[in-house]
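The following exercises concern a single structure and are each followed by a worked solution. Please attempt each task before reading on.

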Number of protein chains: 2
Amino acid sequence: MPHHFIRKLGRYAPLSPDDEETVRRLAHETAWVDPNRDLLIDGAESREVCVVLDGWACAYKQLEDGRRQIIGFVMPGDACGAAAVFPDVVNYSVGTLTAVRAARIPGRALLATAETHPRILRAFWLDRLAVSAIQREWTASFGLYTARGRIAHLLCEIVTRLRAVGLADEDGCLLPLTQEDLGEAVGISTVHVNRTLQDLRASGLIALKRQQLVVPDFAALRAVAQFDGAYLRPVRVRDDHDRPAGIEPLTGSVLGSVLSS
Amino acid sequence: MPHHFIRKLGRYAPLSPDDEETVRRLAHETAWVDPNRDLLIDGAESREVCVVLDGWACAYKQLEDGRRQIIGFVMPGDACGAAAVFPDVVNYSVGTLTAVRAARIPGRALLATAETHPRILRAFWLDRLAVSAIQREWTASFGLYTARGRIAHLLCEIVTRLRAVGLADEDGCLLPLTQEDLGEAVGISTVHVNRTLQDLRASGLIALKRQQLVVPDFAALRAVAQFDGAYLRPVRVRDDHDRPAGIEPLTGSVLGSVLSS
DNA sequence: CTGCACGATTGATCCAGATCAATTCGAAGG
DNA sequence: CCTTCGAATTGATCTGGATCAATCGTGCAG
């Protein structure tokens with residue numbers, strides 16, 4: 001079984017066999033969680049990072065009246081919780097959408113590993129930055145596009161992210177979301193999600209049967225969504241020989257002192 | 001003249017006089033920038049952090065057809081650019097809304113400082129985390145609330161953030177935004193912004209004349225916006241004596257190795 | 001096989017907000 | 001005082017999407 005978390009991290013920094021083994025050990029203890037359970041609860045203090053290895057979850061905020069807004073999807077290989085490094089109170093929840101196999105990594109263990117495996121930490125941080133970029137993209141998508149565009153945009157994001165972990169092939173992927181989930185994510189009613197999907201289907205942009213999403217012409221869907229996947233591509237960091245004179249790799253003890261303040 | 005950047009950082013970590021002096025020196029070289037100029041351009045590579053000391057700017061994304069979406073405001077004391085630590089290509093622009101006094105801190109200088117002044121780095125990071133939290137909040141606000149709620153929510157955010165740097169008093173603040181700016185921020189047409197503001201005024205929730213925003217009853221406005229400012233409050237990080245046994249402050253060289261990969 | 005439950009689908013109606021088109025106001029400059 | 005220009009305001013009309021209310025389809029437990 002491919003390890004989606006390792007594969008994901010590997011996109012951000014080249015991991016040595018030792019790095020990979022270390023990550024595998026960090027996330028070794030896994031457990032299956034039922035659909036519709038919370039992995040992380042709004043307002044709770046979290047000292048560990050939760051890694052989803054299989055299945056889908058979502059970050060969301062919920063109102064007293066029951067309405068909820070999904071603010072991001074957590075897919076195989078994705079991590080969530082605790083701002084990743086600082087023990088902190090999170091101000092959103094993370095709930096499973098399907099059955100999920102998850103690993104909990106104590107912040108302490110992650111930090112200890114960071115000490116000795118800088119590439120792991122780097123990959124982890126870059127992944128967090130990618131999450132921020134996605135969040136910005138959602139904001140823009142909400143403000144600028146109509147239902148059609150928003151859904152198309154979301155589907156582009158999902159396919160692109162799944163491809164990164166090898167869970168989507170050229171022309172589609174598994175999409176274990178109900179139309180209600182989609183609606184809560186893009187901020188439109190279930191009924192309208194249904195009609196919008198029909199519209200996209202009629203335009204030949206997607207096919208969606210059972211939980212199989214097929215995108216016959218990704219470029220066409222991208223055009224509708226005005227989707228530019230650049231924000232999802234791992235940042236290129238220049239090699240050492242490419243670094244301008246004067247910028248030296250730092251060597252002091254930084255992260256530790258920051259945490260202990 | 002109060003130094004808003006220092007004041008802002010001081011909220012996240014107690015800064016020693018030396019820390020403060022160091023920040024002051026880092027951000028010493030400032031320049032005034034006209035309104036409607038870009039501090040940061042979408043797609044450009046950035047190796048420095050830009051700190052706004054006075055005036056307002058905004059992060060935004062722009063479409064070919066000219067429409068733009070503001071994805072966040074940059075107010076006195078706020079920093080932007082380059083994911084703060086990693087030299088990187090940014091996928092959004094930052095433009096001034098008013099005249100702005102800004103300082104550019106080379107990533108290199110910031111990192112060197114981080115080495116010797118952990119509290120500064122910590123404050124800086126926590127500030128970045130707060131920005132992420134705000135972004136999540138915007139996503140939720142867009143999906144869940146109607147124009148009235150979104151604008152109320154935005155005003156609550158603005159007042160709360162300005163209070164943190166001493167630029168808002170109990171009952172209001174300066175709001176140097178046009179109705180068009182507001183519209184681009186909450187994803188509503190200018191005309192409707194106008195009508196919504198009138199509505200809020202009629203409800204006695206706000207008064208807005210020239211650029212002065214008055215909020216006679218903040219609690220009432222919060223209620224309309226379902227605004228919970230917890231996400232803007234600096235995270236409490238426990239003191240050393242409060243740390244559970246086994247969690248030691250780390251001391252290895254982490255950040256540097258990460259950057260040099 | 002039958003009933004059940006949940007998700008997808010459809011139809012009809014209603015409304016928040018967009019869009020288009022003026023008009024008014026206010027501050028700065030001549 | 002008069003002009004000008006950007007921003008605020010107002011009115012009229014149009015539409016994307018919400019809402020309410022069924023109905024249909026399908027996998028599943030008894």
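**Exercise 1. State in which loop A:Gln226 lies, and classify its exposure and its phi.**

Solution. In this predicted model, A:Gln226 belongs to the loop of chain A between helix H8 (218-225) and helix H9 (255-260). The next step is to count neighbours: A:Gln226 has 17 C-beta neighbours inside 10 Å. A residue is buried at 20 or more such atoms and exposed at 12 or fewer, so A:Gln226 counts as partly exposed. Finally, the backbone: phi of A:Gln226 is near 50°, a positive value in a residue other than glycine.

**Exercise 2. Determine whether B:Asn36 is buried or exposed, and locate it in chain B.**

Solution. B:Asn36 sits in the loop that runs between strand S1 (30-33) and strand S2 (38-40) of chain B. Its count is 10 other C-beta atoms within 10 Å, and B:Asn36 is therefore exposed. Although B:Asn36 is not a glycine, its phi is positive, at about 65°.

**Exercise 3. Describe the overall make-up of chain A.**

Solution. Begin with secondary structure: chain A contains nine helices and 14 strands. Turn next to burial: of the 261 residues in chain A, 49% are buried. Last, consider the range of the contacts. Among those in chain A that link residues at least 6 apart in sequence, 73% join residues at least 24 apart.

**Exercise 4. Analyse H5(A) and the residues that follow it: does the helix have the expected span or a deviating one, and how is A:Val165 placed?**

Solution. Step one is the length. H5(A) has 18 residues, which at 1.5 Å a residue should span 26 Å; the end C-alpha atoms of H5(A) are 26 Å apart, so the two values agree.

Step two is the environment. Of the 18 residues of H5(A), 13 are buried, so the helix is largely enclosed by the rest of the structure.

Step three is the region after the helix. A:Val165 lies in the loop between H5 and strand S11 (168-169) of chain A. With 20 other C-beta atoms within 10 Å, A:Val165 is buried. Apart from neighbours within four places in sequence, its contacts are A:His4, A:Arg7, A:Lys8, A:Pro76 and A:Gly77. A:Ala114, 51 residues away from A:Val165 along the chain, has its C-alpha atom 23 Å from that of A:Val165. H5(A) is also followed by A:Gly166, which has a positive phi near 80°.

**Exercise 5. Identify the protein surface near DNA strand D, and state which element supplies its largest share.**

Solution. DNA strand D is surrounded by 15 residues, the closest being A:Thr146, A:Ala147, A:Ile188, A:His192 and B:Gln179. Assigning residues to elements, at least two residues each come from helix H5 (147-164) and helix H7 (190-202) of chain A, and from helix H6 (179-186) and helix H7 (190-202) of chain B. H7(B) supplies the largest share, five residues. By class, the surface near DNA strand D comprises five nonpolar, eight polar and two charged residues.

**Exercise 6. Carry out the corresponding analysis for DNA strand C.**

Solution. Of the 15 residues around DNA strand C, A:Gln179, B:Thr146, B:Ala147, B:Ser189 and B:His192 come nearest. Two or more residues are given by each of helix H6 (179-186) and H7 of chain A and by H7 of chain B. The largest share, five residues, is that of H7(A). The surface near DNA strand C divides into five nonpolar, eight polar and two charged residues.

**Exercise 7. Characterise how H7(B) packs against H6(B) and against H5(B).**

Solution. Two packed helices are described by the angle between their axes and the distance between the axes.

For the first pair, H6(B) and H7(B) meet at an angle of about 100°, and their axes are 8 Å apart. This makes H6(B) roughly perpendicular to H7(B). B:Gln179, B:Glu180, B:Leu182 and B:Gly183 of H6(B) contact B:Thr190, B:Val193 and B:Asn194 of H7(B). Two of the residues in this contact of H6(B) with H7(B) are nonpolar, four polar and one charged.

For the second pair, H5(B) and H7(B) pack at about 75°, with axes 10 Å apart. They are therefore roughly perpendicular to each other. H5(B) contributes B:Ala147, B:Arg148, B:Ile151 and B:Ala152, and H7(B) contributes B:His192, B:Thr196, B:Asp199 and B:Leu200. The contact of H5(B) with H7(B) contains four nonpolar, two polar and two charged residues.

Technical notes: Residues are numbered from 1 along each chain as its sequence is written. Chains are lettered from A and ligands numbered from 1 in the order in which they are written. This is a predicted model: local features need pLDDT of at least 70, side-chain atom pairs count only at pLDDT 80 or more; totals for chains, interfaces and linings use all residues. A residue is near a molecule or strand if its C-beta atom, placed from the backbone, lies within 6 Å of it. Helices (H or I, at least four residues) and strands (E, at least two) are DSSP runs, numbered from the N terminus. Ala, Val, Leu, Ile, Met, Phe, Trp, Tyr, Cys and Pro count as nonpolar, Asp, Glu, Lys and Arg as charged, and the others, Gly among them, as polar. Axes are lines fitted to C-alpha atoms, for helices over the stretch in contact, and angles run from 0 to 180 degrees between N-to-C directions. Angles under 35 degrees count as roughly parallel, over 145 as roughly antiparallel, 65 to 115 as roughly perpendicular and the rest as oblique. Two residues are in contact if their C-beta atoms, placed from the backbone, lie within 7 Å. The expected span of a helix is 1.5 Å times one less than its number of residues.
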